[in-house]
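Here are my notes on this model, set out as numbered points for you to follow alongside the coordinates. Please bear in mind throughout that the model is predicted.

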Amino acid sequence: MPITDQQGVIAVYTLQGGKLVKVEGKDVSVDLDKLARIIEENKRIARQQAGELGFLEPLRGFAMIVDDLGLAVIDDYVVFAEARKVNWDSLLKSLLKGVVVSG
């Protein structure tokens, strides 16, 4: 099942060369270039903090909510979701298993 079939999921994008490129789903009305820079900076800080805290495995991502828009960032994938409609547990488990695109 494609991740965009989950209730509340709007779109899947991937980070490629500092840009967000849509994989599937609807267009999102955010500044993708600015968001890509913010995500890259957050990933850099997270890697640094994980190392300082002594995590055994690398930190793979994070999730955040801004207004009604939710973002889940795992590896190089960014999933946009309606924050109050998505099942975050199911979404994050799917992402961690690598179930992102319909193929």
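1. A convenient place to enter the fold is V12, whose bridge partner in β5 is V79. The two strands concerned, β1 (residues 9-16) and β5 (residues 77-82), pair in the antiparallel sense, and five bridges link them.

2. Helix α2, which spans residues 88-97, packs on the sheet and touches β1, β3, β4 and β5; the direction of α2 makes about 25° with that of β4.

3. Taken as a whole, the sheet is open and built from five strands in the order β2-β1-β5-β4-β3, with antiparallel pairing. Because β2 (19-25) and β3 (61-66) each have a single partner strand, they stand at the edges, and one side of each is left without a neighbour in the sheet. On average, and with direction ignored, neighbouring strands are turned by 20° against each other.

4. The other helix to consider is α1, residues 32-53, which lies across β1, β2, β3, β4 (69-74) and β5, and which runs at about 105° to β2.

5. Is V73, a residue of strand β4, buried or exposed? Its relative accessible area is 1%, and V73 therefore counts as buried, the cut-off for that term being under 20%. Once its neighbours within four places in sequence are left aside, V73 is in contact with I39, K43, R60, G61, F62 and V78.

6. A last point concerns V73 and T14, which are separated by 59 residues in sequence, while their C-alpha atoms lie 9.2 Å apart in space.

Technical notes:
Residues are numbered from 1 along each chain as its sequence is written. This is a predicted model: local features need pLDDT of at least 70, side-chain atom pairs count only at pLDDT 80 or more; totals for chains, interfaces and linings use all residues. Side-chain values use heavy atoms; hydrogens and water are left out. Two strands pair if DSSP finds at least two bridges between them. Helices (H or I, at least four residues) and strands (E, at least two) are DSSP runs, numbered from the N terminus. Axes are lines fitted to C-alpha atoms, for helices over the stretch in contact, and angles run from 0 to 180 degrees between N-to-C directions. Contact means heavy atoms within 4.5 Å. Buried means under 20% relative accessible area, exposed over 50%, partly exposed in between (1.4 Å probe, protein chains only).
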